[in-house]
Amino acid sequence: MVWMETPRPFCIGRFTLALPASMQSRHQKYTYNGDELLTSPGTSLVRFNAIVDQRENELLKNNRDDLHGATLKQTDIPWLEKSLRPQSNTRLFAFRDGNSEGFKLGYETESYVWTAETMFLLKSNASENKIDAVFADDADKMKRIKARDNGVIPIEAGYCFDGGLITGGTKFYELASAYFERPATPGSAIFGIEMRPNLPSDDKLLDRVPRLMQMMGNLASNTRTLQRGDRPLAGLDGQEMLTEISADGVTAYYFIWEAKGEPKSVIHPNTHIELRLGGELNIKTEQRMGSALSEEEALGLWDQILNSFHLRPGAV
C-alpha cells in the first residue's frame, strides 16, 4: 500500500496503531489524572538539576500580588508555597502569583522527573486545602514514569505518552491527542487521533452530519460521500464518514472515524480519528493543491491505518 511500505508502530494511551514511517509528529498533548505531561528528551542529570534549581529560585524571587483591594499591590510572600523532593531525581512545586483575603485561590503545581536522559514535567493545579493530596498523587505517578522509545510498543500495563509510559493501574481521567503530517506532500497529508473520557453530551458521528454540513458552508455542495456507516474497531462501537471535496479544480479527502465510548472507561474512550489529504494552502505559492493520492489509494491507506488500531495487549 502506498506510503505504508515501512509502517511504524505508534502507542497512544492504552492503544496502538501503525502509521506511515514518512509521517512526522506535528503536535501531541497528553493529560493523565489531571496532569498535563511534557517530555524533554536528551536532558542530562546535570542539566535537569540546573533547570529545577533555576525554577525554584524564580518561584522564591517573585512575590505575590495583593488582590484584596482595588489598587494592585505586591506582598512580601513568594510565589512558592511548597517544595518537595521525593527522590533525588524528582521535584514538586506548588505556587501561585496572587493572594486574596476575600476568597480562596488555588495553586499551580509542577512536578519534575528525570530518568534515562529524559526530563518529564507534570503540570496541574490544586485547591488551597488539597496540596498535600495532590503532592501525594503526583509523587505516586512520578515513581511510575518510564522513558521509552516512541517506536517501541510496551508489553506492560500502562498509559503511553510522548517518550514515556506511566506504568500500573488505570485512571478514569486520561486524555491523549496526536497529529502527524507528511512533509513536502502536495496539498498536505495530516493524520490525527484524539482520545478522552466519554461525556453524557456526546453525540455519535453520523448524528452530527447535518451540523457538520452546515459548518462547511458553500463547500457542502462540493462534497461527495464515499462511505458512511457503522464500523466497529478495537472493541469500540464506531462510525465512519469518508468524503471527497472538489472545488476550484482541487480535490481533497477528509476521512473521520469516531466512537462515543463509555463513561469512566480507559479501554472504551471517546475516540476521534481523522485523515486529511489535499486542500491545504501552500504558503509559498498561496495556492491550494489537491490530494497526492487518488481516491483508491486514499481509501486503501485509511483502511490499513484503521485496521491496525487496537487495544494494546497487557495495557490494563
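Student: Let's start with leucine 105: is it buried or exposed?

Tutor: Burial is read from relative accessible area, and anything under 20% counts as buried. In this predicted model, leucine 105 has a relative accessible area of 18%, so it is buried.

Student: Where is leucine 105 placed?

Tutor: Look in the loop between β9 (98-99) and β10 (107-115).

Student: And which residues is leucine 105 in contact with, leaving aside its neighbours within four places in sequence?

Tutor: Leu67, Arg96, Gly98, Asn99, Ser100 and Glu128. For a sense of scale, try going from leucine 105 to alanine 247: they sit 142 residues apart along the chain, and their C-alpha atoms are separated by 52 Å.

Student: Okay, on to empty space. What does rolling a probe over the atoms show?

Tutor: With a probe the size of a water molecule, you see where empty space is left. Here, a search of the whole structure turns up two cavities of 30 Å³ or more. The largest holds about 100 Å³ of space. It is lined by 13 residues, and the closest to its centre are Arg14, Glu174, Met195, Val266 and Pro269. Two elements, β15 (174-181) and β16, each give two or more residues to that lining.

Student: How do the residues of that lining divide into nonpolar, polar and charged?

Tutor: Eight are nonpolar, two polar and three charged.

Student: Arginine 14 was on that list. Where does arginine 14 lie?

Tutor: In the loop between β1 (7-12) and β2 (15-20). At 1% relative accessibility, arginine 14 counts as buried. As for a partner, a polar atom of its side chain lies 3.3 Å from the backbone oxygen of glycine 158.

Student: What about the second largest cavity: what volume does it have?

Tutor: About 30 Å³. Its lining is Asp203, Lys204, Leu205, Glu258, Ala259, Lys260, Asn270 and Thr271, with β19 and β20 as the elements that give two or more residues. Those lining residues divide into two nonpolar, two polar and four charged.

Student: Last one, a helix. How far does α4 reach from its first C-alpha to its last?

Tutor: Compare the span with the one expected at 1.5 Å a residue. Helix α4 (residues 295-307) has 13 residues and reaches 18 Å, close to the expected 18 Å.

Student: Which residues of α4 are buried, and what covers them?

Tutor: The buried ones are Ala298, Leu299, Gly300, Leu301, Trp302, Ile305 and Leu306. Their cover includes β2, β16 (189-196), β17 (223-230), β18 (238-247), β19 (250-259) and β20 (270-277).

Definitions and conventions:
Residues numbered from 1 in each chain as written. Predicted model: local features only at pLDDT ≥ 70, side-chain atom pairs only at ≥ 80, totals over all residues. Heavy atoms only, no water. Helix = DSSP H or I, 4+ residues; strand = E, 2+ residues; numbered from the N terminus. Buried < 20%, exposed > 50% of the residue type's maximum accessible area, 1.4 Å probe, protein only. Polar contact = N/O pair within 3.5 Å; in protein donor to acceptor, adjacent residues only side chain to side chain. Expected span 1.5 Å × (residues − 1). Contact = heavy atoms within 4.5 Å. 1 Å grid on protein atoms, 1.4 Å probe; cavity = no way out; pocket = protein on both sides within 12 Å on 5 of 7 lines; lining within 4 Å. Points joined across faces, edges and corners; volume = space filled by probe spheres on them. Nonpolar A, V, L, I, M, F, W, Y, C, P; charged D, E, K, R; others polar.
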